[in-house]
Each structure stands twice: as C-alpha cells, then as structure tokens.
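Open the model in your viewer and keep the selection box handy. Each stop below says what to select and what is there.

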Amino acid sequence: MQALLTQLIELLGPDQILTGAEVSARPTSWFDKTPMPAGAIVRPGSTEEVAAVVKLCHTAGISIVPLGGMTGFVEGAVPVSEQIGLSLERLNRVEAINVDNRTVTVQAGLPLQALQEFAQANDLHYPVDLGARGSCTLGGMAATNAGGNEVLRYGMSREQILGLEVVLATGEIVSNLRPLLKNNTGYDLKQLFIGSEGTLGIITRLSLRLRARHSSYSTALVAVPDFKSLTVLLRTLDAKLGGRLSAFEVMWQEHLRFVIAQGHNHQAPLSLDYPYYVLIQAANYHDLEKDIFLSALENMLDQEIIIDAVIASSIAQQQALWAIRDDIECLTTGLAPYIGYDVSLPIDAMEAYVDNLTQAIRAQWSEAKVIVFGHLGDGNLHLFIHIGPDLSDSERSAINHLVYQPLASCQGSVSAEHGIGFQKKAYLQYSRTPLEIDLMRQLKKTFDPDNLFNPGAIFDASEP
C-alpha cells in the first residue's frame, strides 16, 4: 500500500491523497457516523486522472471503492483499510448546457441540488429529487439508479441519462456523451453501468436530459380513511390531472405522529388520528391547472375518499409540508438503533404486507416501532424498524428475514432505489432468479475480472 501511495502522491500531489486522521475524520456515510475505514482516500480532478489512478491500483493489486455523496442506504461504498476510496468530489462542474436541446453535461461529483439550481437559472428543470439533494452526487445517483420524489411522472435516474463516460478496470475510458433522445445504434452500453453500484466501472461524466421548468406547483396534504381509498385517490388524480401528478407520497399514521413528536421544527398540519396521509403535488405550466387541482381534491372530498386536507397557499407552506416528508434525520436519530428498508411491491399487495409484517415484528418485540412511508405511486415503501435500546446481529438477521422473504411471493424487490450493497446481497435471491444472478456475475467477470472495483458489493468474490 505504501508504495502505491507514493505513486499516487507523485501523480496527483500530496493534497489529494488523504491518509490516517484525514480519512478517519470523515464519517463512513451520512447514516453511519463511525470513522471512514479506508486505507486512503484519493481525489482525482479529471477523468484522465481517474484512469491513471485505476491503472496504478490495478498494477498494485489494490481494490478501489468509488465514493459519491455517501448518502446510500445499503453499505454500498465502504472501503476498508486494504482498499482505496476514490472520491469524485473534485469532479463537480457543469460543463455544458444546450437550452434548445434541453440537455446538460456534468461531472460525476456534482451534487444534485447544484444541478437543480443551475437548471432553474436556465428556465429548465432536472426532475429527479431526493431528500439528500444537497449531498448526493449525480455519479452516485447513476450508479445506484436513484429514484426519489418525482419518479411517478419522470421515472428513475435511468430515464434522465442520455450518455455516460466511464473508466473501466483496465484504465481505458469509454465515452458516449451524445445528447440524443434517440440512438438505436446497437447495444446501449450505458445501461450496464447505471445501477451497477461501482462494480463494473467508475462513472466520471454524464449527459442528462432536462425538462421545461414549471410555472408553479400545487401541493396538498390529505388524509384518507383506509388503504382502498389511497388506491382510488391515486388512480383518480392521475387521470384528472392529465399526467401532471408528480408526487404521491404516503405516510402511515405512525410515521406522521413520530416526525411531529420528534421533529421540533414541524407543526401538525392535520389531526394525527387518521390512518393514512398523502402528500400530493402536481406540476403546473399555467394558472388554470391550479383550478383543476383544487377541483379534483374537492371531488374526492365530496366522495369521502379524502376526509381532511390542507392545501399549501405559498411556497413556504409547500416547503413546510415537504420538510415533514423529507425529515429522514429525525427518524435516524429518534429511532436509533434502527434498521431501515427500501422495498418495492405491487400496490395491491402493500396493505397486507405492512399489516402482516407489523404483526410479525410485534409478536417478537411487543414495544417495537414500525414506521412506514414512501413513494406509493411508484410502488416504493420505506420502513424504519426499532425494537428497543439494543439491536443484536441475530435480531437484525431475524428482522431482515421477516421483511424480505414475503416479497418473493408478491413479485416484490428487496431494493427499490438504493441498490444492494453489502446489506442486501444475501437477500438478492428473493428478487432475482438464479439465472439472472448468474448473468450478473458473468458481467462482473467480463468487465472486472480481477475484482478491482467495489469487491464484495452485490456478490462475494468467492462465489462461482
């Protein structure tokens, strides 16, 4: 390792190679505040420098874990003492924008919020949005195919990516940043790297699709009496709003009660006695669409599909409603120790899944808290489970089994938008067939035969 560090210092300069206390001063992730365990953190400033670092590490036999904004939820980027953490934090620029084409070329270390603000300044909109927008980076979002709050209308990160530049395990640079919506020239190679969690290559630059900026948003928090009403409300609003429904965020009662009680910055917008709450948002291009939004909600109130509602009348009120939904820190601190989950399943299977899971958890841990919320419109639920002041490895394993096993029978997924990482690879079997998993392993061996990139994430090196 020391010989490699000497070479890396010669390549990048001493300020760009962090070791010792400079590494341990950084947390492992946003969710894990323990010191970063990497042998060193390397900070290249260009794609060419990334390629040079990869070549040196390959020759030295030292593996690399690509580091983005460190907001992942599945231990997908945790370099250990024998590994190099390769941070893309210096590759943080918007390189080019084409307003007419509505495309932008960015470096992989650019934070999401920086792109959102840049697009807005050019009267455009980047539609992927996460609560971690200030920290998560576009390269990391591509590597995990991040989703977030507007998937219902615009899709995951995959749907916004027109082209990628990637450094391969050989140090070669494969680049196709053509800003084209249509490009049917053979295999779409970028798709292999989207969602690969840094195991096939290191994403350094992206060509992304932008959208027209909305003139305003219509936002409301509503309460519904039962789960069936949730599904009716979703179908009805999707039809009545003509495709403008951009968010349908559901919070089970326990979630809203906990956030209001723990998050001292929040006021309860509605009574906390309803079983389900929905944060609804529609993107408007003209003022008449606000009236359509209000008319649709009034219709649902008349039919008692909605039983209470608060409608934001200002941007500040919109932000206050979203702050409740996005207050993940309130959950991570207030529920510690906890286990967090990110699953997806068909909407018609959700009510039984959550009810059965809650009963199974509380049958073993009677005082357990099961907090449920998520992007119900696209089939994604987030779960936070707290069973008490202590959480052993055996208890964590037992809870994982209760959460993941039922997904197999309802065609669900153990990961909706955060990837597999080290946390979920033992449960990949519940979402993928043996043949699918074998094909993934073959891709890993083809692109990274020496297991240089993020070894152990998704698959163990010892697996056939």
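The tour goes from helix pairs to single residues and ring pairs.

**Before you start**

This is a predicted model: local features need pLDDT of at least 70, side-chain atom pairs count only at pLDDT 80 or more, and totals for chains, interfaces and linings use all residues. Residues are numbered from 1 along each chain as its sequence is written, and side-chain values use heavy atoms, with hydrogens and water left out. Helices (H or I, at least four residues) and strands (E, at least two) are DSSP runs, numbered from the N terminus.

**Stop 1: helix 1 and helix 3**

Select residues 2-12 for helix 1 and 47-60 for helix 3. Their axes come within 10 Å and cross at roughly 165°. Axes here are lines fitted to C-alpha atoms, for helices over the stretch in contact, and angles run from 0 to 180 degrees between N-to-C directions. Helix 1 is therefore roughly antiparallel to helix 3. Angles under 35 degrees count as roughly parallel, over 145 as roughly antiparallel, 65 to 115 as roughly perpendicular and the rest as oblique. The crossing is right-handed: the near helix is turned clockwise from the far one by less than a right angle, whereas anticlockwise would be left-handed.

Now show side chains. Leu4, Gln7, Leu8, Leu11 and Leu12 of helix 1 meet Glu49, Ala52, Val53, Leu56, Cys57 and Ala60 of helix 3. Contact means heavy atoms within 4.5 Å. By class, this contact has nine nonpolar, one polar and one charged residues. Ala, Val, Leu, Ile, Met, Phe, Trp, Tyr, Cys and Pro count as nonpolar; Asp, Glu, Lys and Arg as charged; the others, Gly among them, as polar.

**Stop 2: helix 8 and helix 10**

Next, select 227-240 (helix 8) and 288-302 (helix 10). The axes come within 10 Å and cross at roughly 150°. These two helices are therefore roughly antiparallel, and their crossing is right-handed. Helix 8 contributes Leu233, Thr236, Leu237 and Lys240 to the contact, and helix 10 contributes Ile292, Ala296, Leu297, Asn299 and Met300. The classes here are six nonpolar, two polar and one charged.

**Stop 3: helix 9**

Select residues 253-262, which form helix 9. Which of its residues are buried? Gln253, His255, Leu256, Phe258, Val259 and Ile260 are. Buried means under 20% relative accessible area, exposed over 50%, and partly exposed in between (1.4 Å probe, protein chains only). Their cover includes strand 13 (245-252), strand 14 (276-284), helix 11 (315-326), helix 12 and strand 17 (369-374).

**Stop 4: methionine 350 and asparagine 380**

Methionine 350 sits in helix 13 (residues 347-364). Its relative accessibility is 0%, so methionine 350 counts as buried. Add leucine 381: methionine 350 and leucine 381 are 31 residues apart in sequence but 8.6 Å apart in space, C-alpha to C-alpha. Leaving out residues up to four places away in sequence, methionine 350 touches Phe227, Leu345, Leu376, Gly379, Asn380 and Leu381.

Step across to asparagine 380, in strand 18 (residues 380-386). Asparagine 380 is buried too, at 3%. Among the residues it touches are Asp342, Val343, Met350, His375 and Glu417.

**Stop 5: ring pairs**

How many aromatic pairs does the structure hold? There are ten. Rings of Phe, Tyr and Trp (its six-membered ring) pair if their centres lie within 6.5 Å; planes under 30 degrees apart count as stacked, over 60 as edge-to-face and the rest as tilted.

Select tyrosine 404 and tyrosine 427. This pair is tilted, with 4.8 Å centre to centre and 40° between the planes. Tyrosine 404 lies in helix 14 (residues 393-409) and tyrosine 427 in the loop between helix 15 (421-424) and helix 16 (434-447), so the pair ties together parts 23 residues apart in sequence. Tyrosine 404 is buried at 2%, and tyrosine 427 at 13%. Add Tyr341 and Tyr430: ring pairs link them with Tyr404 and Tyr427 into a cluster.

**Stop 6: backbone exceptions**

Most residues other than glycine have a negative phi, and most peptide bonds are trans. Select alanine 336 and proline 337: a cis peptide bond joins them, with omega about -5°. Finish at glutamine 411, in the loop between helix 14 and helix 15. Its phi is positive, about 60°. At 73% relative accessibility, glutamine 411 counts as exposed.
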